[in-house]
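Please work through the exercises below with the sequence and the structure at hand. Each task is followed by a solution in steps.

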Amino acid sequence: MLIFFISITILILGYKFYGPFVEKQAGIDPTIKTPQQRLEDGVDYVPIHPVKAFLIQFLNIAGVGPIFGPILGALYGPVALVWIVIGNVLGGAIHDYFSGVMSLKEDGKSLPEIAGNYYNVFFKGVMLIFTAMLLFFVGVVFIMSPAGLLSNLSFFEDTILAGNSFWVLVILGYYFLATLLPIDKIITKLYPLFGLLMIVMTTLIAGALLLEAPHLPQFGDVFAYFDNHSHEDLLIPNPDGAPVWPLLFLTITCGAISGFHSTQSPMIARCLTNEKYARPVFYGAMMCEGIVACVWAMAGIAAFPGGYIELKAMLAQGGPGLVVNHIATSYLGVMGGVMAILAVAIFPITSGDTAFRSLRLTIMDAFKISQTTLNRLGLAAPLLGIAYLMTFLDFALIWRYFAFSNMLLSTSVLWLATKYLFDRGTFHWVASLPAVVGTAITVSYIATAGIGFNMPMEYSKPIGVVVALACFIGLVMQHKKRTVIA
């Protein structure tokens, strides 16, 4: 239990004390006009109260990511909580904050457009591909996962509502509307309420686990885990034979660090009425997502009398969705369980629709297409049509590509933030250090993964570290060269 409270405390202290230091490096100026004030258009540049902006950003980035990922990560034991906290404070919150700040400073533009300004057209093209790929995979994942959850609810049994195809079509229809309509028609009205619902449900689950769970992780469990494994063991085997490096970091992205969040930040950056709201909205939402991830990692570790073996068996039987169902009904009763499951079904839908909306914004920004109703319709229809076809593919395959592209984009955004800080002449290490680590993890994964180069596992760490250091040296040399020319 102690490790859980320590994890939550570190997240809160990170926001309270590290956040202002990071904010100082970013050059926030509360006196200048924001993109919303200069470019208001009634569609995307619409003023939103900062509390609403926080709840919308929190809901947009959360989805099932900080629930499913930590449940899968619970197979690694209490070290999952350690990764969530360190990844969030030193990586994820930095990533989310600077993706919002850079968009605020660049007229609310999407990240590929900003990358073109700070680097070159090649980097802009790479970022555009990464961003579009991730947004599309997120949208597809967040069609399939809530449809599966809703169709499996027991009180829909033997009705048309028990069909997965029915819920896929319903969710797609909603996504179509949310992608087309102005942001203040649906998102700003409903999402703050859904954001509060997520906070309430997470609190109820956490309270029930702390009172009743049979296997709450202890602080000493982390040290015992390290004591019982050699340095090499930690990089390669855990009880399931899966390597901690790099697979744990790809398993738990949302809650620790997630590139998807950077795709959502420009949407909210276009609606903020003052730059001073960047830290509570972007940094604060990520800190709250870290708390959600800690709760569900603890649930995966603590809620099963049979321990790791029981959790593994349930995941094999029905995936993280079945685990959510079991935990909610076991600890909150029938009605509480239904409420929790419905909430978990709503949350990915509210990320999926904004994924497609952000994809629309990103593509139209990149190709300088005006945001008229006809143009929005012409882009949304084929995107959602292809997404529907993708729902017939294996969910596990889609999730693997989603996880990899998620980490790849987050690392790219951290390098972009590093360049931003280099140009400002401030303390770049807040972004460059997690960028180096993120690059090492991402390259290590793709070097050894089946969807990558499928190399032997022992090569993963040295290859990742060498590439990460080369990227950092290259950035420093490029910056010095541009400084001399200037």
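**Exercise 1.** Determine whether glutamate 275 is buried or exposed, and describe the salt bridge that it forms with lysine 105.

*Solution.*
Step 1. The model is predicted, so local features need pLDDT of at least 70 and side-chain atom pairs count only at pLDDT 80 or more, while totals for chains, interfaces and linings use all residues. Residues are numbered from 1 along each chain as its sequence is written, and side-chain values use heavy atoms, with hydrogens and water left out.

Step 2. The classes of accessibility are as follows: buried means under 20% relative accessible area, exposed over 50%, and partly exposed in between, with a 1.4 Å probe and protein chains only. Glutamate 275 has a relative accessibility of 2% and therefore counts as buried. Lysine 105, at 28%, counts as partly exposed.

Step 3. A salt bridge requires a side-chain nitrogen of Lys or Arg within 4 Å of a carboxyl oxygen of Asp or Glu. In the pair of lysine 105 and glutamate 275, the closest N and O atoms are 2.9 Å apart.

Step 4. Lysine 105 belongs to helix α5, and glutamate 275 to the loop between α13 (260-269) and α14 (278-302), so the salt bridge ties together parts that are 170 residues apart in sequence. Helices here are DSSP runs of H or I with at least four residues, strands are runs of E with at least two, and both are numbered from the N terminus.

**Exercise 2.** State how many salt bridges the rule gives, and examine the pair of arginine 357 and aspartate 44.

*Solution.*
Step 1. The rule yields nine salt bridges.

Step 2. In one of them, arginine 357 pairs with aspartate 44, and the closest N and O atoms are 3.0 Å apart. Because arginine 357 lies in helix α15 and aspartate 44 in the loop between α2 (35-39) and α3 (50-62), the pair links parts that are 313 residues apart in sequence.

Step 3. Arginine 357 is buried, with a relative accessible area of 0%. Aspartate 44 is also buried, at 3%.

**Exercise 3.** Explain how aspartate 423 and lysine 419 are placed in helix α17, and identify a network of salt bridges.

*Solution.*
Step 1. The side chains of aspartate 423 and lysine 419 form a salt bridge of 2.8 Å, N to O.

Step 2. The two residues are four residues apart in helix α17 (residues 395-424), so about one helical turn separates them.

Step 3. Aspartate 423 is partly exposed, with a relative accessible area of 41%. Lysine 419, by contrast, counts as buried at 1%.

Step 4. Asp44, Arg357 and Arg360 are joined into one network by salt bridges that share partners.

**Exercise 4.** Describe the fold of the protein chain in terms of its helices, strands and buried residues, and then its largest nonpolar core.

*Solution.*
Step 1. The protein chain contains 19 helices and zero strands. It has 486 residues, of which 59% count as buried.

Step 2. A nonpolar core is a set of buried Ala, Val, Leu, Ile, Met, Phe, Trp, Tyr and Cys residues joined through side-chain atoms within 4.5 Å. The largest one comprises 155 residues, and those with the most contacts inside it are Ile67, Tyr97, Phe98, Trp296 and Leu416.

Step 3. Contact means heavy atoms within 4.5 Å. Not counting residues up to four places away in sequence, tryptophan 296 touches several residues, among them Pro66, Ile67, Ile205 and Val324.

Step 4. Threonine 202, in helix α9 (residues 187-212), is buried with a relative accessible area of 8%. Leaving aside neighbours within four places in sequence, threonine 202 is in contact with Val292 and Val295.

**Exercise 5.** Find the residues other than glycine at positions 107 and 368 that have a positive phi, and state where each is located.

*Solution.*
Step 1. Most residues other than glycine have a negative phi.

Step 2. Aspartate 107 has a positive phi of about 60 degrees. Aspartate 107 is located in the loop between α5 (79-105) and α6 (111-118), and is partly exposed at 29% relative accessible area.

Step 3. Lysine 368 has a phi near 55 degrees. Lysine 368 is found in the loop between α15 (307-366) and α16 (373-390), and is exposed, with a relative accessible area of 62%.
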